[in-house]
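Me: I would like to go through this protein by question and answer, moving from the overall fold to individual side chains. Could each reply set out its reasoning before it gives the value or name?

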Amino acid sequence: MTKLMIKARATDHLRGTAAELQPAPRWVEVAARAAALTAVPSGVWRTLFGFGVPVGFSGATLDAFAEHQPGWGTVYCVVLSALAETLAFLTMGLVRPWGQVVPRWIPVLGGRRVHPLAAIVPALAGSVILTALGALALLGGWAHNMADPDSPHGLGGVVMTLAYLPLVFWGPLLGIVAIDYARRARRRLQQR
């Protein structure tokens with residue numbers, strides 16, 4: 001058998017594996033998209049802050065941040081925003097084929113099937129952690145931080161709060177999508 005035929009069979013096998021997992025219901029796809037978008041507003045706010053846009057901080061806090069913006073503070077804000085959005089975007093893998101078979105362009109792992117537990121365990125752990133952090137923020141953590149005299153107040157405080165509020169929904173949305181992925185993966189394993 002030629003190498004081309006072997007490669008074609010391996011590709012067909014992978015396509016078949018990906019197709020075995022039934023598609024996510026429409027409402028779960030909507031939840032996955034919403035989860036992917038929860039980190040965008042805070043990321044935009046943080047990036048603007050990183051580039052020195054005045055967002056309402058004052059006093060010693062403003063002075064401490066100003067020492068590193070632009071500079072390492074800018075890099076930190078941009079990298080943190082990109083990391084958060086990348087992690088939020090990974091939720092889409094639970095409802096898309098690339099969450100079942102690693103895309104070919106990824107070195108070493110490209111074309112390999114994703115074991116369901118490799119997606120389910122981190123997604124559920126992330127969901128629990130994010131939900132707990134969101135609950136802590138809602139139950140007083142955010143109010144405590146915003147009560148600091150150097151924190152943004154007035155319009156700046158409202159904008160910052162509105163930018164970070166969607167993050168409260170990231171954990172529950174991720175949990176919903178992960179549970180549905182686990183349900184669909186379990187169904188696939190039972191059919192074998």
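The turns below take up the fold, the aromatic pairs, the salt bridges and one buried arginine, all in a predicted model.

Me: How many helices and how many strands are there in the protein?

Reply: Read along the sequence, the elements of this predicted model follow the pattern α-α-α-α-α-α-α-α. The count that goes with this pattern is zero strands and eight helices.

Me: Among contacts between residues at least 6 apart in sequence, what percentage join residues at least 24 apart?

Reply: The protein has 192 residues, of which 36% count as buried, and its exposed area is about 11,600 Å², with 73% of that supplied by carbon and sulfur atoms. For the contacts between residues at least 6 apart in sequence, the share that joins residues at least 24 apart is 75%.

Me: How many aromatic pairs are counted, and which class does the pair of tryptophan 45 and phenylalanine 49 fall into, given that planes under 30 degrees apart and planes over 60 are classed in opposite ways?

Reply: The count comes to eight aromatic pairs. In the pair of tryptophan 45 and phenylalanine 49, the rings are 5.6 Å centre to centre with 20 degrees between the planes, and because planes under 30 degrees apart count as stacked, this pair is stacked.

Me: Where do tryptophan 45 and phenylalanine 49 lie, and by about how many helical turns are they separated?

Reply: Both residues belong to helix α3, which spans residues 40-50, and they are four residues apart there. Tryptophan 45 is buried at 8% relative accessibility, and phenylalanine 49 is likewise buried at 8%. Because they are four residues apart in the helix, their separation is about one helical turn.

Me: What kind of aromatic pair do tryptophan 45 and phenylalanine 57 form, and how many residues apart in sequence are the parts it ties together?

Reply: Tryptophan 45 and phenylalanine 57 form an edge-to-face pair, at 6.3 Å centre to centre and with 65 degrees between the planes. Tryptophan 45 lies in helix α3 whereas phenylalanine 57 lies in the loop between α3 and α4, so the pair ties together parts that are twelve residues apart in sequence. Phenylalanine 57 is itself buried, with a relative accessible area of 15%. Tryptophan 45 and phenylalanine 57 thus form a pair that is edge-to-face, and it joins parts of the chain whose separation is twelve residues.

Me: Which residues form one aromatic cluster with Trp45?

Reply: Two partners of tryptophan 45 have already appeared, namely phenylalanine 49 in the stacked pair and phenylalanine 57 in the edge-to-face pair. The cluster that holds Trp45 also includes Phe49, Phe57, Phe65, Trp142 and Tyr164.

Me: How many salt bridges are counted, and which residues are linked with Glu29 in a network?

Reply: The count comes to four salt bridges. In one of them the side chains of glutamate 29 and arginine 33 meet at 3.7 Å, N to O, and these residues are four apart in helix α2 (residues 26-37), a separation of about one helical turn. Glutamate 29 is buried at 15% relative accessibility, while arginine 33 is partly exposed at 33%. The network of salt bridges links Glu29 with Arg33 and Arg96.

Me: Which arginines meet aspartate 180 in salt bridges, and is each of them buried or partly exposed?

Reply: Aspartate 180, buried at 5% relative accessibility, lies in helix α8 (residues 167-191) together with arginine 183, three residues apart, and with arginine 184, four residues apart. The N to O distance is 2.6 Å to arginine 183 and 2.7 Å to arginine 184. The arginines are therefore the partly exposed arginine 183, at 27%, and the buried arginine 184, at 1%.

Me: Which side chain makes a polar contact with the side chain of arginine 46?

Reply: Arginine 46, placed in helix α3, is buried yet has no salt bridge, since the nearest side chain of opposite charge, glutamate 85, is 8.5 Å away and a salt bridge requires nitrogen and oxygen within 4 Å. Leaving aside neighbours within four places in sequence, arginine 46 is in contact with Cys77, Leu80, Ser81 and Tyr164. The polar contact of its side chain, at 2.8 Å, is with the side chain of serine 81.

Definitions and conventions:
Residues are numbered from 1 along each chain as its sequence is written. This is a predicted model: local features need pLDDT of at least 70, side-chain atom pairs count only at pLDDT 80 or more; totals for chains, interfaces and linings use all residues. Side-chain values use heavy atoms; hydrogens and water are left out. Rings of Phe, Tyr and Trp (its six-membered ring) pair if their centres lie within 6.5 Å; planes under 30 degrees apart count as stacked, over 60 as edge-to-face and the rest as tilted. Helices (H or I, at least four residues) and strands (E, at least two) are DSSP runs, numbered from the N terminus. Buried means under 20% relative accessible area, exposed over 50%, partly exposed in between (1.4 Å probe, protein chains only). Lys and Arg count as positive and Asp and Glu as negative; His and the chain ends are not counted. A polar contact is a pair of N or O atoms within 3.5 Å; within protein, one must be able to donate a hydrogen and the other to accept it, and residues adjacent in sequence count only if both atoms are side-chain atoms. Contact means heavy atoms within 4.5 Å. Accessible areas come from the Shrake-Rupley method with a 1.4 Å probe; for residues, only the protein chains shown count as cover.
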